[in-house]
Amino acid sequence: MGGETIIPPTFTSEEEYSVDQDFSHPSLSSLNPTLLRDYLRMKAEDGKNESDRLFLEEFDKMGPQSSSPDFEAYHKRRQKVYKEVLQSYDQLRVRSMSLNEAKYKVLSYFPGIWIENVGGKKFSDYDVPKTTSLLLIGPKGCGKSSLVNKISRVFEDDNFAPERAQISYNPSVGDGTYYLQGYMIPRGSASFCLYDSRGLADGTSENINVIQNWMNNGVRHGEPVIRKSDDSSLRRRMKFKPRELGWKFCRPQMVNFVIFVVDAVSVLKSIEGHGVEDLLCLQMINEVFKHPCLSFKDDKPVVVITHGDLLSIADCVRARVYLGELLGIPPAKQIFDIPENHDPVTELTIVDMLRYSLEHADRNLPYKNWVMENVRKVPLFSWLCVLAMLLGFASGMACMRYLHMRHPRKSEFKIVWHTIRHIW
């Protein structure tokens, strides 16, 4: 990209050994659980690869116990999932040769292009937005802003373009992004927009309140994300900055799909039980992710794991499989590993993730309101005739009321003096 030659990434010898040996042993799939555990333990004791020992620990910790009748079926299924995720990295390397073709499909996207015409519905029956809005959420320091910059750089074909989103150098100091920030992809386009948000708070209920507001009322570029737990000085500073008041004049954009960003290193620490803080963070992620407000019908958010460049591929696979089981989504198809790399494989992963998000956004577009739709279908001349009739009727009623007030009705009681005089 940008005129430079990029060499496709290759697995290290240890990672190739893990891919080839962990799940490709000819008799591995036919082993019973006890033999499978013995086989993994033997490999771990050989000391050729640290991931063997980690996988054995993971194998022992998760799933039914050996006394359970579901033990063997569970671990065979899990073995299959591990192998599927591992193979996805090889498949990406092969498919990266067609990166430009995959990018073109996303660059040629416009809202509603992937609508599925089922049930007799047509494109005109859907409430299609001018711009598809994708909301990024995740814990602070997980890499949401960095992901925005990577995505923008991929579609601008310029690895040296200045970063659009502000990155927090030290996530432990403050919360990084305090305002909702919208970024058109690519720059200057109107097809889809990424909304970077403030990192999730420690309390699940506070996160849900903020997210529900976005999902129900829409998101606005530049809107401050203020929490009840924020101290008074921070809230005043965010709320009354004159330069930041422009968001009030922005039109709210309804969220069409959600991208959930998670730090792979934090996930791995929680798996290995390194700290209570990581475990609590993972629990918060689980509760927020599974909240109904984030789902579109049956479709749950797509998940991106970041900072995978700090881990081996074997550890990234562990993180994806663990998150898949925790969140209830397929790790090979709905969890995307996007590290801090600039290579064709990473770019293709970004393109695949966006393709998944945009397709599901289009698939869940709401129908137009049938009353408004019928109003639009009535010819203008018919409505003018109806309006003229109503005006004529109103004018007639007004005239009758005026005449009635001008000439009041005479009393029916009348004295006949001529008759009275003859009587007397």
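Here is a short conversation about a predicted model of a protein chain.

Student: Let's start with the overall make-up. How many helices and strands does the protein chain have?

Tutor: Happy to begin there. The chain has 424 residues, and 45% of them count as buried. Its secondary structure comes to 16 helices and six strands.

Student: In what order do the strands of the open sheet run?

Tutor: The sheet is open and its pairing is mixed. From one strand to the next, the twist averages 25°. Strands β2 (181–185) and β6 (335–337) each pair on one side only, so they are the edge strands. Reading across the sheet, the order is β2-β3-β1-β4-β5-β6.

Student: Which residue in β6 is the bridge partner of I305?

Tutor: Strands can pair in either a parallel or an antiparallel sense. Here β5 (residues 302–306) and β6 pair in the parallel sense, over three bridges. The bridge partner of I305 in β6 is D337.

Student: Now the aromatic rings. What is the geometry of the pair formed by Y109 and F192?

Tutor: The structure holds six aromatic pairs, and this is one of them. The two ring centres are 6.3 Å apart, with 70° between the planes. An angle over 60 degrees is what the class requires, so the pair is edge-to-face.

Student: How many residues apart in sequence are the parts that this pair ties together?

Tutor: Y109 lies in the loop between α5 (99–107) and β1 (132–137), while F192 belongs to strand β3 (residues 192–196). Y109 is buried, with a relative accessible area of 2%, and F192 is buried too, at 1%. Because one ring is in that loop and the other in β3, the pair ties together parts whose separation in sequence is 83 residues.

Student: Which residue joins Y109 and F192 in one aromatic cluster?

Tutor: We have already met two members, Y109 and F192, as an edge-to-face pair. The cluster has one further member, W114.

Student: How are the rings of F260 and F289 arranged?

Tutor: F260 sits in strand β4 (residues 257–263) and F289 in helix α10 (residues 276–289), 29 residues apart. Both residues are buried. Their ring centres are 5.7 Å apart and the planes meet at 65°, so the arrangement is edge-to-face.

Student: Which residue lies over the face of Y367?

Tutor: This one involves a charge over a ring, for which the distance to the ring centre must be within 6 Å. The distance here is 4.8 Å, and the residue over the face of Y367 is K121.

Student: What about the backbone: which two residues does a cis peptide bond join?

Tutor: Most peptide bonds are trans, which makes a cis bond worth a look. Omega is about -10° at this bond. Its proline lies in the loop between β2 and β3. The bond joins I185 and P186.

Student: K297 and H307 both have a positive phi. Is H307 buried or exposed?

Tutor: Phi is near 60° for K297 and near 65° for H307. K297 is found in the loop between α10 and β5, and at 64% relative accessibility it counts as exposed. H307 is found in the loop between β5 and α11 (313–327). Its relative accessibility is 19% and the cut-off is under 20%, so H307 counts as buried.

Note on methods. Residues numbered from 1 in each chain as written. Predicted model: local features only at pLDDT ≥ 70, side-chain atom pairs only at ≥ 80, totals over all residues. Heavy atoms only, no water. Phe/Tyr/Trp six-rings, centres within 6.5 Å; stacked < 30°, edge-to-face > 60°. Helix = DSSP H or I, 4+ residues; strand = E, 2+ residues; numbered from the N terminus. Buried < 20%, exposed > 50% of the residue type's maximum accessible area, 1.4 Å probe, protein only. Lys NZ or Arg CZ within 6 Å of the ring centre and 35° of its normal. Pairing = 2+ DSSP bridges. Axes fitted to C-alpha atoms, helices over the stretch in contact; angles between N-to-C directions.
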